[in-house]
Amino acid sequence: MAKENFGKPFSHFGTNAIHAGQDPDQWNARMVVPPITMSTTYKQKGPGETYGFDYSRSGNPTRNCLEACIASLENGKHALCMASGLAATDLVVRLLKAGDHIVSMNDLYGGTNRYFRTMKQFGIDITFVDATDINKFGTAFQDNTKLVWIETPTNPMLNVVDIEAVVKITKEKSNALVAIDNTFATCYFQRPLELGADIVVNSMTKYMNGHSDAVMGCVVVRDDKVAERLRFLQNACGAVPSPFDCFLVNRGLKTMHVRMKQHMSNGLAVARFLEKNPRVVKVLHPGLESHPQHLLAKRQTRGFSGMVTVYLKGGIEESRKFLQNLKLFTTAESLGGYESLAELPAIMTHASVPKDQREELGIGDNLIRLSVGLEEEDDLIADLDQALKTAIQ
Ligand code: P1T
């Protein structure tokens, strides 16, 4: 029987979000809120003899607070912040060398797909596979497979991949590292490291910051050796976030547990409303009983964020009209903020995915992705209802 985790967050999450890495005793002035340390450089006692910091690309007090907090929330040991989610993805890929092979998925955030398709020019081979079919996934391994990259739930199709099964088959077939993009589920609902994954990546631009005012990513690991290599690359490649952005994301994390509960509740309410609407063909949401991996989602996660994907009745004209008529949902890329957003992946977030691949995945002109925010549920549903009625006769 599937474990019923819905609505039961990981213990201590909210306490760690507020306190991990934030101890006022680390500052001479005992500041309760970590300061924004803008200094790029630090006085040394003598040449090469530091007081803990030497240069802000290599380490910065504000970033340190944030990294400690994130490591605790993902139940990892080391977290590394990067200037975007894709910079975090790039950091992980830099663990590889020419001649290595990646197993990844055909169903990925468009920007990740676009980046992975450039791998060949660096001499890295990559196979895109349907990871929801674990047998098919197993056939993608080669002798030189060094990294498995999984997104779950996927963007925008909200397919769910069995992380434990992926880890098991990867360890049987290779010594590859398993990396999970946890952006959609978030560590509030899903902890890939506890399920055996080696690396977790998040676009913190989304739910972790939660306020749509900072672009940032993180990589979280437990293994000291992998962390040491990543720390070297973080400094050597240098795409680190600014102290001000670290302050913002660190602040955003303080309310993450409160926000995620409301995102889940609003997201499910919107999904249920749309599912019984005659102007809708189909709703994709792992919390709906109709979702093909609903039981897996119940076993693997403790709930859902506010992402809902929906097929409207009609085509591009109806989709455009629907988006134009929404009043509370803003037509915009991105997700995970307090404000509700709507977008058309085929033209927006996933336009860079080759057309045949998009069609194979079902990313068509009538597919709309909603990031359900924290507004009042009744208002959100009324907005969707009026836009559907205007757009689709
Ligand atoms: O935008 P950035 O912080 O670089 O994060 C990239 C990224 C990585 N992984 C997932 C699952 C993502 O959704 C994203 C970014 N996604 C959007 C901007 C979007 O609208 O889907």
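M38 has a relative accessibility of 55%, so this methionine counts as exposed, the cut-off being over 50%. Keep in mind that we're looking at a predicted model here. To find M38, go to the loop that links α1 (13-19) with α2. M38 isn't alone out there: together with I36 and F244, M38 makes up a nonpolar patch on the surface. Taken together, the three residues offer about 290 Å² of accessible area.

Now follow the chain from that loop into helix α2, which spans residues 61-73. Before we see what α2 rests on, let's look at the sheet. Seven strands build an open sheet, and if you walk across it you meet them in the order β1-β7-β6-β5-β4-β2-β3, with mixed pairing. The edges belong to β1 (78-82) and β3 (125-129); each has a single partner strand, so one side of each goes without a neighbour in the sheet. On average, neighbouring strands are turned by 20° against each other, ignoring direction.

Let's zoom in on one pair. Strand β5 (residues 177-181) and strand β6 (residues 199-203) run parallel and are joined by three bridges. If you pick out D181, its bridge partner in β6 is V201.

So what packs on this sheet? Back to helix α2: α2 touches β1 and β7 (217-221), and its direction makes about 125° with that of β1. Another helix to look for is α6 (residues 163-173), which lies across β4 (145-151) and β5. The angle between α6 and β5 is about 160°.

Conventions: Residues are numbered from 1 along each chain as its sequence is written. This is a predicted model: local features need pLDDT of at least 70, side-chain atom pairs count only at pLDDT 80 or more; totals for chains, interfaces and linings use all residues. Side-chain values use heavy atoms; hydrogens and water are left out. Two strands pair if DSSP finds at least two bridges between them. Helices (H or I, at least four residues) and strands (E, at least two) are DSSP runs, numbered from the N terminus. Axes are lines fitted to C-alpha atoms, for helices over the stretch in contact, and angles run from 0 to 180 degrees between N-to-C directions. Contact means heavy atoms within 4.5 Å. Patches are made of residues with over 30% relative accessible area and no salt bridge: like charges are joined within 9 Å, nonpolar side chains (Val, Leu, Ile, Met, Phe, Trp, Tyr) within 5 Å. Accessible areas come from the Shrake-Rupley method with a 1.4 Å probe; for residues, only the protein chains shown count as cover. A salt bridge is a side-chain nitrogen of Lys or Arg within 4 Å of a carboxyl oxygen of Asp or Glu. Buried means under 20% relative accessible area, exposed over 50%, partly exposed in between (1.4 Å probe, protein chains only).
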